[in-house]
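The following exercises ask the reader to work from the sequence and the structure together. Each task is followed by a solution in steps.

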Amino acid sequence: MRARVLAATAAVLVTVGPVVPAQAAPAQAAPPARAARAPLPCPKAPAPKVSRPPRPVPPPAVPQDRVVGGEQLDTPGLVAPAGAPAPPAVTATSWLVADLDTGAVLGACGPHEYGTPASTQKLLLAATMMPKLDPKQAVTVTRGDLDIAPGSSAVGLLVGGRYTVETVWLGLLLNSGNEAANVLARLGSGTVPGGVRAMNDEARRLGARQTHAVTPSGLDGKGQFTSAYDLALIARACFGNPLFRRYTLTERTQIPAQPALKKGGFQIQNENQLIYRYPGALGGKTGFTELARHSYVGAAQRNGRRLVVTLLGAEARPVRGWQQGAQLLDWGFALPRDASVGRLVTPGELDTAEAAPSGTPAPPTAPAPWQGPAVTAGRRIAEGDWRVIAPVAGGTATVVGVLVAVLVARRRPRPTGRRRA
């Protein structure tokens with residue numbers, strides 16, 4: 001009996017755990033610096049020489065912006081999962097393939113290299129303004145809305161014409177209407193410059209730190225840049241909006257007549273050939289200027305998996321931009337589902353990390369699993385929490401005292417008598 005009581009007492013003490021003074025957590029060793037290595041060359045398809053304006057000088061590289069999404073993405077060359085087949089050779093100067101749902105980056109070429117967006121910048125306008133605007137609202141086009149570069153893409157909206165916001169969105173996404181971009185930027189923020197400021201604010205919220213908009217349409221402007229990684233962040237935000245998903249898959253629509261202006265209506269068609277020719281296509285956006293060359297964003301689904309591809313600085317020969325995107329999508333779909341070289345950050349994530357005090361670890365994304373009161377009390381005792389130490393010590397002493405009393409009582413001689421049932 002004594003052995004059983006002593007064993008019980010030991011069990012209580014083991015459950016509570018030893019009382020130890022709190023100690024400072026050991027400092028984590030600084031991560032070793034990455035060894036310098038030559039970037040892997042990206043597979044390049046031969047492209048014809050073209051005349052183009054001088055390339056704009058990009059802003060100075062910001063080291064922390066180049067590692068957004070993971071350190072492997074800090075390269076001007078190719079990054080791909082270990083053991084993955086070589087990606088297709090394309091003419092794009094930079095590109096990226098990512099999973100729209102998980103945010104995993106499957107592969108890229110120069111993902112954080114600066115490039116000029118052309119009309120793929122209209123996706124940033126959509127990500128900024130589409131949640132704000134009522135698609136059924138009517139808007140009147142002003143003369144200032146038609147202030148676009150001569151010869152640039154336009155859907156054909158008329159000064160004084162009245163259109164629903166939905167019609168203007170379709171004109172923007174199907175026909176890349178630059179006057180439609182001005183209408184939506186003005187309507188969403190009061191003025192076109194105000195709309196551009198809102199676009200830049202949204203880019204920062206999304207984590208697209210290498211993106212700076214100067215025009216809402218993507219027409220070239222001094223200091224206007226983006227990256228293949230940033231375009232993927234922006235595209236992911238767009239495809240999260242059901243209105244965008246419907247608009248970008250629309251094959252054709254009717255621009256209504258304007259009786260007050262004595263002008264008839266007309267039909268426009270979607271210029272993104274991916275939606276007609278690629279099984280499972282979800283839509284996207286084409287872009288071109290003489291300075292930017294061809295840019296492209298496209299998305300598709302296959303076997304319950306949704307991927308997006310972004311590319312900048314491509315030439316239309318030997319294959320067009322959307323075809324290069326289709327080849328990269330095929331490559332991405334052939335990779336295992338767990339393949340990854342980085343990730344797309346979530347909206348607001350970088351702002352939250354920057355707001356935390358220096359040296360403060362980021363808050364956990366999920367609470368630690370519950371381990372029961374004994375383990376929790378033992379951990380708090382080890383940390384020197386006297387609010388737990390005092391009651392536990394008192395409780396332990398009480399338990400031990402009771403056990404000793406029981407042991408002593410059992411050793412006393414019992415009076416003989418009739419046993420009760």
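**Exercise 1.** Determine which side chain pairs with Arg 205 in a salt bridge, and where the two residues lie.

*Solution.* Step 1. A salt bridge requires a side-chain nitrogen of Lys or Arg within 4 Å of a carboxyl oxygen of Asp or Glu. Arg 205 meets Glu 202 in this way, with N and O 3.0 Å apart.
Step 2. Both residues belong to helix α6 (residues 192–206), where they are three residues apart, about one turn of the helix. Helices (H or I, at least four residues) and strands (E, at least two) are DSSP runs, numbered from the N terminus.
Step 3. Buried means under 20% relative accessible area, exposed over 50%, and partly exposed in between (1.4 Å probe, protein chains only). Glu 202 is buried at 13%, whereas Arg 205 is partly exposed at 39%.

The model is predicted: local features need pLDDT of at least 70, side-chain atom pairs count only at pLDDT 80 or more, and totals for chains, interfaces and linings use all residues. Residues are numbered from 1 along each chain as its sequence is written, and side-chain values use heavy atoms, with hydrogens and water left out.

**Exercise 2.** Establish which parts of the chain are tied together by the salt bridge of Asp 145 and by that of Asp 330.

*Solution.* Step 1. Asp 145 forms a salt bridge with Arg 186, and their closest N and O atoms are 2.8 Å apart. Asp 145 lies in the loop between β4 (138–140) and β5 (162–164) and Arg 186 in helix α5 (residues 178–189), so the pair ties together parts 41 residues apart in sequence. Asp 145 is buried, with a relative accessible area of 1%.
Step 2. Asp 330 forms a salt bridge with Arg 302, the closest N and O atoms being 3.1 Å apart. Because Asp 330 is in helix α10 (residues 321–334) and Arg 302 in strand β9 (residues 293–302), this pair ties together parts 28 residues apart in sequence. Asp 330 is partly exposed at 37%, and Arg 302 is partly exposed at 31%.
Step 3. The count comes to 15 salt bridges. Arg 204, Arg 209, Asp 351 and Glu 354 are linked in a network of them.

**Exercise 3.** Identify the helix that supplies the largest share of the largest nonpolar core.

*Solution.* Step 1. A nonpolar core is a set of buried Ala, Val, Leu, Ile, Met, Phe, Trp, Tyr and Cys residues joined through side-chain atoms within 4.5 Å. The largest has 62 residues, and Trp 169 and Tyr 229 have the most contacts inside it.
Step 2. Helix α7 (residues 228–239) gives the largest share of this core, nine residues.
Step 3. In α7, 10 of the 12 residues are buried, including Tyr 229, Leu 231 and Phe 239.

**Exercise 4.** Decide whether helices α3 and α6 are roughly parallel or roughly perpendicular to each other.

*Solution.* Step 1. Axes are lines fitted to C-alpha atoms, for helices over the stretch in contact (heavy atoms within 4.5 Å), and angles run from 0 to 180 degrees between N-to-C directions. The axes of α3 (residues 122–129) and α6 come within 9 Å and cross at roughly 85 degrees.
Step 2. Angles under 35 degrees count as roughly parallel, over 145 as roughly antiparallel, 65 to 115 as roughly perpendicular and the rest as oblique. The two helices, α3 and α6, are therefore roughly perpendicular.
Step 3. Among the residues that meet are Leu 124 and Met 129 in α3, and Ala 198 and Glu 202 in α6.
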